[in-house]
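Consider the model shown below. The paragraphs that follow go from its charges and overall form to its core and then to two loop residues.

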Amino acid sequence: MAAYTTQTITPRYHQALLGWQVKNFPELDFLERNWTKFFASQTPFQLFAKIGNLSTESIGQGKFAGQPRFERAGDMVGNMFYAARDIIRAQCSTELASIQQHRLTLEEAPTDPMKVAVLRVMAEELRHAYQMFWVLDHDPSWKKPGHPDIASETLDELLAMELGSHVLDAFNIPFKNFLDNVVFATVIDLVGKYQLEMQKVFAYAPMARSMSPMLSEEGFHIGSGRTFLRELAIGATTGAGRFSIDDIQKTINAWYPRGLEMFGNERGGETNVQFSFKDRTNGTAQGEYIQEVHDVIETTNVSIVQTRVKNISAQEARAIVREGSRFDDLLFVPDAKFFRRRGPAEIVMQPYDLKGNLMPISSSQYIDYLAKVLPDRYRATDEFRRYSEQLLGGQAMAGRYGW
Ligand SMILES: [Fe+2]
Ligand SMILES: [Fe+2]
């Protein structure tokens, strides 16, 4: 028995999202026609909301601990109402943006299984967007007397977002080659997993009920990213692949800082815990994420060493990776202070190198340094141009960030 029930949204927004899909993701038709060929053991894709179970009926933490969860958005007062809307909006923006990003380089997939996996990831992100539409659309109390219709205002805004106008920085960066698809699924979808995990405690019950079904789909995204990262790293090691280890490393250098920033300021997040929107503060979640990214990269390095040294066990290979000096072309995780645009004041827009050392250099020299450690293609993006302008102008990014 499925651990969820399903619902559809009102025809107005159902049709609007289908229209969005025709424009941004026409390949869905191909995937649906061939679903059973590629994913025989998986229930065919369907665009609906999956309503899962709550982990606990009542709120377990913060200001409202012990009370039942909110079934109606309108019962959340003041800041809490808008803060909930902001999280749902940010979540939905990531789902729509990632489809727009993956599609840019979909045709460059080195293998058919990689391409088909990315298509499934895109389809599931579309369902996640549909899920967030359901959260806002099914509950008439998002429209409060005397307030604008927050639900339709937010849904219309989301439908109009393009790369460049999405909520979070990581989702405004266009993909330039297939390494972006793979590293994004490994590093950025992993942040998504943390957010969904944390939001199981969400005080607004419809949001909390949405998390478990989304999490089980997210597992496929992260798993695909890790599998393909390993395959590309092995290809780079044997010389058979299209990408070098240096290419892969530079791609990690570009995405990982943006992943760290998706948690919001590492000293913040207390309000979300008080409202029971999340079960951990930003810094706690980010710390766990950093550890998990290190584990993923170590496992990838184990595969690289096993490719280079024949007949070696995973355990022996791991010992070599940890010892750290025998091979120079392994992957590594940059320090969390490297290339930060947002975060605590002492690290934002500061010239930290990949190892976390503050370099005694000017802003323009730091841009030269970044040119050496980031992909050429990334430096050509608007996001990087904006970063450079801010760095040279001595400005920090304004406003809240993260979700
Ligand atoms: Fe998603
Ligand atoms: Fe995902």
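How many positive and how many negative side chains does the protein have, and how far apart do the centres of the two sets lie? In this predicted model, there are 44 positive and 49 negative side chains. The centres of these two sets lie 0 Å apart.

The secondary structure consists of 14 helices and two strands. The radius of gyration is 22 Å, and the globule rule gives 22 Å for 403 residues, so the protein is as compact as a globular protein of that length. Measures along the principal axes complete the outline: the C-alpha trace spans about 65 × 55 × 40 Å.

Burial and contacts come next. Of the 403 residues, 58% count as buried. When contacts between residues at least 6 apart in sequence are taken, 74% of them join residues that are at least 24 apart. The surface that the protein exposes amounts to about 16800 Å², and carbon and sulfur atoms supply 51% of that area.

The interior can be followed through its nonpolar residues. The largest nonpolar core has 129 residues. Met76, Trp142, Tyr289 and Leu370 are the residues with the most contacts inside this core. Helix 4, which covers residues 112-137, contributes the largest share of the core, with 15 residues.

Trp142 serves as an example from that list. Neighbours within four places in sequence are left aside here. Trp142 is then in contact with Met76, which is also among the core residues with the most contacts. Other contacts of Trp142 include Ala73, Phe81, Ala84, Arg85 and Ile88. Val135 and Leu136 are in contact with Trp142 as well, and both numbers fall within the range of helix 4, residues 112-137. The list for Trp142 also has Pro148, Ile150, Ala151 and Tyr204.

Two residues remain to be considered for their backbone angles. Phe339 has a phi near 55 degrees, a positive value in a residue other than glycine. Phe339 lies in the loop between helix 11 (314-323) and helix 12 (363-373). Is Phe339 buried or exposed? Its relative accessible area is 1%, so Phe339 is buried.

Met349 also lies in the loop between helix 11 and helix 12. Although Met349 is not a glycine, its phi is positive, at about 55 degrees. The relative accessibility of Met349 is 11%. Residues under 20% relative accessible area are classed as buried, and Met349 therefore counts as buried.

Note on methods
Residues numbered from 1 in each chain as written. Chains lettered and ligands numbered in written order. Predicted model: local features only at pLDDT ≥ 70, side-chain atom pairs only at ≥ 80, totals over all residues. Heavy atoms only, no water. Helix = DSSP H or I, 4+ residues; strand = E, 2+ residues; numbered from the N terminus. Rg over C-alpha atoms; globule rule 2.2 N^0.38 Å. Buried < 20%, exposed > 50% of the residue type's maximum accessible area, 1.4 Å probe, protein only. Contact = heavy atoms within 4.5 Å. Areas by Shrake-Rupley, 256 points an atom, 1.4 Å probe, with all protein chains shown as cover. Lys, Arg positive; Asp, Glu negative; His and termini not counted. Charge placed at Lys NZ, Arg CZ, Asp CG, Glu CD. Core = buried A, V, L, I, M, F, W, Y, C linked by side-chain atoms within 4.5 Å.
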